[in-house]
2 protein chains.
Amino acid sequence: MAVPSTAVASSRKKRGEGHTRREEILQAAKELFLEAGYDATTIRRIADRVGVSAPALYLYFHDKEAMMLALCDQTFGHLVEHVAFIEKTVSDPLDCVRQFGEAYARFGLEHPDEYRLVFMGNNMPESVRKVGHRMATDDPTRPGVGGAIVFSRLVAMLSRLEASGVKLNYPPDTCAELCWMGIHGVVAALIMKPDFPWSNRETLIKGMLDIVVKGLVR
Amino acid sequence: MAVPSTAVASSRKKRGEGHTRREEILQAAKELFLEAGYDATTIRRIADRVGVSAPALYLYFHDKEAMMLALCDQTFGHLVEHVAFIEKTVSDPLDCVRQFGEAYARFGLEHPDEYRLVFMGNNMPESVRKVGHRMATDDPTRPGVGGAIVFSRLVAMLSRLEASGVKLNYPPDTCAELCWMGIHGVVAALIMKPDFPWSNRETLIKGMLDIVVKGLVR
DNA sequence: AAGATAAGTTATCGTTGATAAGTTATCAAT
DNA sequence: ATTGATAACTTATCAACGATAACTTATCTT
C-alpha cells in the first residue's frame with residue numbers, strides 16, 4: 001500500500017510555460033536535498049512535492065544529477081558575487097585574501113548542505129564530484145562552474161599579492177591550494193562533526209587564516 | 001537474463017567454522033570497496049565473489065554498513081599502531097607532530113575509501129557518520145573508534161609539546177584541531193577531487209605541515 | 001475544424017538492500 | 001544407529017530506487 005501523495009496535484013502548464021514547472025521542480029529539489037540530503041531525496045518525492053508524476057521531471061532534467069548541478073550553480077552564484085564584491089572594494093591584497101577566507105567560511109557554515117553537496121559529496125555521480133574544479137577554459141555556460149570560479153578568484157588574489165611585491169613561499173597556485181585547503185578543513189570539520197566539542201568557531205576560522213597568511217608570505 | 005556468476009561456489013562451512021566465512025566476506029568486501037567504492041559495491045557482488053548467496057552475508061553482518069565499519073576498524077587499527085610507534089620512537093615533540101601529520105596524510109591518501117567513510121561520510125547512516133568522533137568514554141569495543149583514538153593522540157602530542165617548554169599560540173586542544181583541520185583539508189581535497197590539477201602532493205603535505213607548525217608555535 | 005506538439009500520464013524495466021521461510025549438513029546425546 | 005537441535009545455508013520475495021517506452025490530453029496555430 002503506497003503512501004498517498006500529500007501534495008495537491010498541480011495543474012498542467014500552458015504552452016510555452018514549461019520553464020516555470022522547471023523552476024518549481026528545482027525549488028522542491030532544493031528543499032528536499034537540504035532537508036534530507038542527496039541520496040534520501042528521490043525522484044518520486046520531488047515529483048510528489050511538485051504535484052506531478054515522477055517521469056515528468058525527465059522532461060526538464062536529463063537525470064537526478066542534472067538537478068543537483070543546476071542547484072549548485074544557483075547557490076554558488078551568490079558566493080561568486082560576494083567574492084567579486086570583495087575584490088572590487090578591498091584594495092589591500094592581503095586583506096583581500098583574509099576577507100575571502102572569512103566570506104568563504106561563513107558561506108560554507110551558513111549553507112552546510114549545499115557546501116557538502118559541492119565540496120564533500122563523496123558518492124555523487126562523477127560530473128557532480130567534478131563541480132568544484134572545472135577550469136575556466138571549460139564552457140562557462142555549462143552547469144557547475146561556480147566552485148571553480150571561486151577558487152580561480154583566490155588564485156588571482158594571490159597573484160595580485162605577489163605582484164604587489166609580497167614574497168610568497170610557494171607559487172600563487174600552490175598558495176591558493178594551501179589556503180583553500182586550510183579553510184576547507186575548518187569548514188568541513190565543523191559541518192561534518194557538528195556534535196564534536198570543537199573550540200570556538202570564530203577562533204578556529206581566524207586562527208586558520210592567521211596560520212595560513214603567516215605561513216604563505218615570506 | 002542475469003549475468004552468470006563467475007565465482008566458484010564455496011562449500012558449506014563446518015559447524016563452528018562460520019567465522020572463517022565471515023573473514024572471507026570481509027576480504028571480498030574490502031577488495032570490492034577498494035576497486036569500485038562503497039556504493040558501486042553491491043551485496044550481490046560481494047556474495048558472488050565469496051561464492052555464496054546474497055542473504056548469507058546477513059548471517060554475519062547486520063547490514064552493508066556493518067561490513068564497512070568492520071573494515072574501517074581493521075584499517076584504522078594500522079594507523080593507530082603507526083601513531084603509537086611514532087610516539088614511542090620520536091623523542092622531539094615537534095618532530096613527533098610533524099611525523100604524525102605525514103603519517104596521517106599518507107594513510108588517508110593510501111586508503112581513500114576508508115578515509116572518506118570515516119571522515120567525509122556525509123551520506124552514510126548516522127552511526128557511520130559519527131565514527132570519527134566517538135569519545136574515549138564510549139565503549140571501546142564498539143566499531144569505529146579508530147578515528148577518535150588517532151585524534152586524541154594528536155592532542156596528547158601537542159600537550160607534550162607545550163609541557164616541553166614550547167609556547168603555543170592556542171590551547172593544545174585548539175592547536176590539535178587546527179593542525180588536524182589543515183591536514184584533513186589537504187587529504188580531503190586530494191581524495192575528493194583527484195582529477196584537479198593540484199600541485200605536487202608531497203609539496204602540499206609538507207607545505208601544510210610547515211604552515212601549521214609555524215603558525216601554532218609562538 | 002484539424003494538425004502539430006508541449007505537457008503530461010501509466011505501465012514497466014532492471015537493480016538495489018533486506019527479510020521470511022524453508023532446507024541441508026553437522027554434531028552431541030542417547 | 002537414530003534422533004533432536006541447530007549452524008550454515010538457499011530460494012523466493014519484498015518495497016523502493018532511477019530511468020524509459022508508449023500512450024494521452026490540453027493548448028496553440030493555421
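**Notebook: protein chains A and B with DNA strands C and D**

I started with DNA strand C and counted 25 residues around it, the closest being R15(A), G18(A), S53(A), R15(B) and R44(B). Sugar and phosphate make up 53% of the strand C atoms that come within 4 Å of the protein. I note here that the model is a predicted one.

Next I looked up which elements line strand C. Helix α1 (18-36) of chain A and helix α2 (43-50) of chain B each supply at least two residues of the surface near it. The largest share, three residues, comes from α2(B). Sorted by class, this surface has twelve charged, eight nonpolar and five polar residues.

I then listed polar contacts to strand C. R12(A) has a polar side-chain atom 3.1 Å from a base nitrogen of the strand. Two entries for chain B involve phosphate: an N or O atom in the side chain of Y58(B) is 2.9 Å from a phosphate oxygen, and a polar side-chain atom of R45(B) lies 3.4 Å from a phosphate oxygen.

I repeated the search for DNA strand D. It is surrounded by 26 residues, and the closest are T42(A), Y58(A), R15(B), G18(B) and S53(B). Of its atoms within 4 Å of the protein, 55% belong to sugar or phosphate and the rest to bases. Helix α2 (43-50) of chain A and helix α1 (18-36) of chain B each give at least two residues to the surface near strand D. Here α2(A) has the largest share, with three residues. The classes are 13 charged, eight nonpolar and five polar residues.

For polar contacts to strand D, I found a polar side-chain atom of R15(A) 2.9 Å from a base oxygen. On the phosphate side, a polar backbone atom of K13(B) is 3.2 Å from a phosphate oxygen, and an N or O atom in the side chain of Y60(B) is 3.1 Å from a phosphate oxygen.

I moved on to the protein interior. The largest nonpolar core has 139 residues, and W180(A) and W180(B) have the most contacts inside it. I traced W180(B) beyond its neighbours within four places in sequence: it is in contact with A189(A) and W198(A) from chain A, and with Y104(B), Y115(B), F119(B), F151(B) and L154(B) from chain B.

Last, I checked cysteines. There are zero disulfides over all chains. C179(A) is in no disulfide, and the nearest cysteine sulfur, that of C175(A), is 8.6 Å away. C179(A) is buried, at a relative accessible area of 1%. C96(A) is also buried, at 0%.

Conventions:
Residues are numbered from 1 along each chain as its sequence is written. Chains are lettered from A and ligands numbered from 1 in the order in which they are written. This is a predicted model: local features need pLDDT of at least 70, side-chain atom pairs count only at pLDDT 80 or more; totals for chains, interfaces and linings use all residues. Side-chain values use heavy atoms; hydrogens and water are left out. A nonpolar core is a set of buried Ala, Val, Leu, Ile, Met, Phe, Trp, Tyr and Cys residues joined through side-chain atoms within 4.5 Å. Buried means under 20% relative accessible area, exposed over 50%, partly exposed in between (1.4 Å probe, protein chains only). Contact means heavy atoms within 4.5 Å. A residue is near a molecule or strand if one of its heavy atoms lies within 4 Å of it. A polar contact is a pair of N or O atoms within 3.5 Å; within protein, one must be able to donate a hydrogen and the other to accept it, and residues adjacent in sequence count only if both atoms are side-chain atoms. Helices (H or I, at least four residues) and strands (E, at least two) are DSSP runs, numbered from the N terminus. Ala, Val, Leu, Ile, Met, Phe, Trp, Tyr, Cys and Pro count as nonpolar, Asp, Glu, Lys and Arg as charged, and the others, Gly among them, as polar. A disulfide is a pair of cysteine sulfur atoms within 2.5 Å.
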